[in-house]
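Hi,

Here is the structure I promised to pass on. Have a look at it first, and then read on for what turned up.

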Amino acid sequence: VSAETLPLSPEGTIQLAEHAPELMRRHEWDCLVYLSDLPRYVDDHPMIGEVSPDTHAALVAVPVLGAFRVGDRAQDLVLDLIRVMQRSESQDEEAIASVLGRSDVSAHLVSEPTDMVRLVLTGRRRRPQVLAGMVRSNRPGRLLSALTGCMAAAVAAGAFGIFYGSLAPVAEAQAPWRLALIRLLVVGVLTTWLIIRNGLWNVERGSDMIWQRGLDNASTVITVGLSVLMLYVGLVAAMIVLAFVVLAPSYLRGELLHAVGAPEYLKLALLSAAMGIMAGALGANFDQEDSVREATFSRRYNERRKLFDAQQRRESEQE
């Protein structure tokens with residue numbers, strides 16, 4: 001197993017057959033299966049993989065496998081592709097379909113520029129499955145490590161409400177539906193700000209990649225939204241602990257003029273965390289944009305396109 005990053009052509013394709021011989025020679029492999037986190041569409045169908053029996057190379061588009069049991073699905077598909085490459089008649093589309101044994105996958109032979117057989121997903125749930133797979137590949141939890149400034153500002157602002165106790169009467173007066181609306185509002189505001197501030201919204205429509213169909217932006221919104229939600233949940237937990245430590249029940253009872261218990265502390269923590277999330281938008285200005293953008297497909301796509309351009313320049317200079 002080796003971690004490699006292969007360049008993307010202007011059409012958004014990985015020219016696997018060209019790179020496979022060198023990789024196989026360098027690592028002394030009998031065959032090559034490349035797992036990619038970038039999905040592709042072929043004739044409006046997501047491509048789950050492609051295989052070249054002649055070069056003993058294959059590719060698996062991991063996001064097309066969905067968000068659940070990805071490891072098992074990828075392992076089964078890799079084994080099927082290896083069986084395809086071991087059979088001399090496997091370049092036949094029907095033979096490949098029989099080896100795969102899946103009714104929702106069809107095989108199409110592409111002769112140019114190399115004899116690659118593309119495997120496309122034809123089931124009804126293909127778009128939701130690909131979207132779920134893209135969100136999983138973005139790994140929302142990874143984005144939190146890039147939001148250190150945002151988290152610092154959120155914790156500081158939330159702790160302010162706890163230490164001074166001024167939010168306790170306000171939190172107590174909030175109905176459950178109003179607190180839920182506040183939570184939804186602050187998560188939405190910070191999600192929108194992070195997308196706008198870091199330029200995560202993709203407006204390009206020139207390539208043949210999947211975001212031409214809007215799934216890239218959808219996966220970005222869900223990824224950032226889940227990350228902000230994780231931040232909010234963690235902040236609520238921290239504020240609950242802080243409230244119990246700082247605010248004695250006797251003090252809180254004097255502020256609210258009635259007996260207090262866990263519900264009062266929870267309300268205070270929820271509102272303090274919401275205030276912290278709003279302040280987190282200010283702290284996000286101090287986070288590294290490149291680290292945040294790495295959590296989106298458009299960023300990773302553009303980086304791999306640059307690899308192709310650099311490779312083309314090197315080849316032209318050698319000539």
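Let me start on the outside. Keep in mind that this is a predicted model. There is a nonpolar patch on the surface made up of I222, L226, L229, M230 and V233, and together these residues have about 400 Å² of accessible area. Take V233 from that group: it sits in helix α9. V233 counts as exposed because its relative accessibility is 51%, and the cut-off for exposed is over 50%. As a rule, nonpolar side chains in soluble globular proteins tend to be buried together.

Now for the inside. The largest nonpolar core contains 36 residues, and L190, V224, Y232, L268 and I277 have the most contacts within it. Several helices each put in at least two residues, including α6 (148-164), α8 (176-197) and α9 (215-246). Helix α11 gives the largest share, 9 residues. If you want one residue to click on, try L268: beyond its neighbours within four places in sequence, L268 touches I162, L167, A168, A171, A243 and L247. Another core, of 24 residues, lies apart from that one, with I48, M85, L131 and L215 among its members.

One last thing, back in helix α11, where E264 is found. Which side chain of opposite charge is nearest to E264? That is K267, 6.9 Å away, and E264 is buried without a salt bridge. Setting aside sequence neighbours within four places, E264 is in contact with E172, L252, L256, H258 and A259.

Cheers

Conventions:
Residues numbered from 1 in each chain as written. Predicted model: local features only at pLDDT ≥ 70, side-chain atom pairs only at ≥ 80, totals over all residues. Heavy atoms only, no water. Core = buried A, V, L, I, M, F, W, Y, C linked by side-chain atoms within 4.5 Å. Buried < 20%, exposed > 50% of the residue type's maximum accessible area, 1.4 Å probe, protein only. Helix = DSSP H or I, 4+ residues; strand = E, 2+ residues; numbered from the N terminus. Contact = heavy atoms within 4.5 Å. Patch = residues over 30% accessible without salt bridge, like charges linked within 9 Å, V, L, I, M, F, W, Y side chains within 5 Å. Areas by Shrake-Rupley, 256 points an atom, 1.4 Å probe, with all protein chains shown as cover. Salt bridge = Lys/Arg side-chain N within 4 Å of Asp/Glu carboxyl O. Lys, Arg positive; Asp, Glu negative; His and termini not counted.
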